[in-house]
Amino acid sequence: MTWDIPLAEFDADSAVLIEPEPGPTSGAIPERAVICFFRDVIDEVCGDGRAEVVATFTWEHGTHELFSLQVGERRVAVFHPGVGAPLACGLFEEAIATGCRTFVACGGAGAVVPGLALGHVVVPDAAVRDEGTSYHYLPASREVSADPAVTAVLRAVLDERAVPHAVGTTWTTDAPYRETTAKIAARRREGCITVEMETAAFLAVARHRGVTFGQYLYAGDDVSGETWDHRHWHTSSARRDLFWLAVDAVLRLP
Ligand SMILES: O=P(O)(O)O[C@H]1O[C@H](CO)[C@@H](O)[C@H]1O
Ligand SMILES: O=c1cc[nH]c(=O)[nH]1
């Protein structure tokens, strides 16, 4: 079956009118960046002058600071990508335009399979493209895969610290309030272990721009059962741990 839908009209050839521009900068831009979905962790680690603001990205809802965080002898950029693939990728594009080249994202996800305890770490090695943004960066396909070399580094960081983790496909959706029981079951059958809203699009942008990208997720809420189990996932201490794992990994990537 072929559907005549606009998202299938990938255009690799003609020019774009709007190129992402660097945000106004006020210091050296670290080449390595952590994209952190946890505002509470960013505030704790970078807030009140604990990290330098070196660029600012402005969208209609407000600003996103690009922090430069001192980690030992090195510096890592940190920014919050908002929520949802369009905004997250708009900010990803601007961070690339500003000078960052190597990225590790850390975020939460719903557990699609039973047995993923709250806080369990997941390394997505592929994502089902059930969102729209990735179709503007790569020709239509069902999945996009992560770079295996990047996934290997992310796993090595976890292995060295004896952090139990799962590796697998994540389902990237645009519509968390349309995760129906039938769709959840179908995605589980096709191999998805988590659901979130940005990974497929991040992978597509990274491939299009030729930058290095990997992601850590933690199992948050549980959508594997008959009813939704919230599990108070936004308060999990896994978030802070995941951030520091992402810092470690981004500094390890070649
Ligand atoms: O906890 P984060 O990483 O924001 O992840 C998930 O939660 C948000 C939706 O509630 C989306 O961003 C989705 O990817
Ligand atoms: O997109 C998301 C994120 C977390 N949990 C879900 O069920 N969906």
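**Exercise 1. The shell around ligand 1**

Task: State which residues surround ligand 1 in this predicted model, and classify them.

Solution. Step 1: the residues around ligand 1 are Phe37, Val83, Gly107, Gly108, Ala109, Pro176, Glu196, Met197 and Glu198.
Step 2: strand β5, residues 102-111, supplies the largest share of this shell, namely three residues.
Step 3: sorted by class, the shell around ligand 1 comprises five nonpolar, two polar and two charged residues. For this count Gly is placed among the polar residues, whereas Ala and Pro are nonpolar.

**Exercise 2. Helices α3 and α6**

Task: Determine how the axes of α3 and α6 are oriented, and which residues of the two helices meet.

Solution. Step 1: the axes of helix α3 (residues 148-160) and helix α6 (residues 238-252) cross at roughly 130 degrees and come within 9 Å.
Step 2: α3 is therefore oblique to α6, since angles of 65 to 115 degrees count as roughly perpendicular and those over 145 as roughly antiparallel.
Step 3: the crossing in which α3 passes α6 is right-handed.
Step 4: on the α3 side, Val153, Leu154, Val157 and Leu158 take part, and they meet Leu245, Asp248, Ala249 and Arg252 of α6.
Step 5: the contact of α3 with α6 contains six nonpolar and two charged residues, and no polar ones.

**Exercise 3. Helices α2 and α5**

Task: Carry out the analysis for α2 and α5, giving the angle, the handedness and the contact residues.

Solution. Step 1: helix α2 (residues 85-98) packs with helix α5 (residues 199-209) at an angle of about 30 degrees, and their axes are 10 Å apart.
Step 2: angles under 35 degrees count as roughly parallel, so α2 and α5 are roughly parallel to each other.
Step 3: α2 passes α5 in a right-handed crossing.
Step 4: α2 contributes Ala85, Ala88, Cys89, Phe92, Glu93 and Ile96 to the contact, while α5 contributes Ala201, Phe202, Val205 and Arg209.
Step 5: by class, the residues in the contact of α2 with α5 are eight nonpolar, no polar and two charged.

**Exercise 4. The surroundings of Glu31**

Task: Establish where Glu31 lies, whether Glu31 is buried, exposed or partly exposed, and which residues Glu31 touches.

Solution. Step 1: Glu31 is located in the segment before β1 (32-36).
Step 2: 14 other C-beta atoms lie within 10 Å, so Glu31 is partly exposed; 20 or more would make a residue buried, and 12 or fewer exposed.
Step 3: leaving aside residues up to four places away in sequence, Glu31 touches Gly99, Cys100, Arg101 and Thr102.
Step 4: Gly62, 31 residues apart from Glu31 in sequence, is 24 Å apart from Glu31 in space, C-alpha to C-alpha.

Note on methods. Residues numbered from 1 in each chain as written. Chains lettered and ligands numbered in written order. Predicted model: local features only at pLDDT ≥ 70, side-chain atom pairs only at ≥ 80, totals over all residues. Near = placed C-beta within 6 Å. Helix = DSSP H or I, 4+ residues; strand = E, 2+ residues; numbered from the N terminus. Axes fitted to C-alpha atoms, helices over the stretch in contact; angles between N-to-C directions. Left-handed = near helix turned anticlockwise from the far one by under 90°. Contact = placed C-beta atoms within 7 Å.
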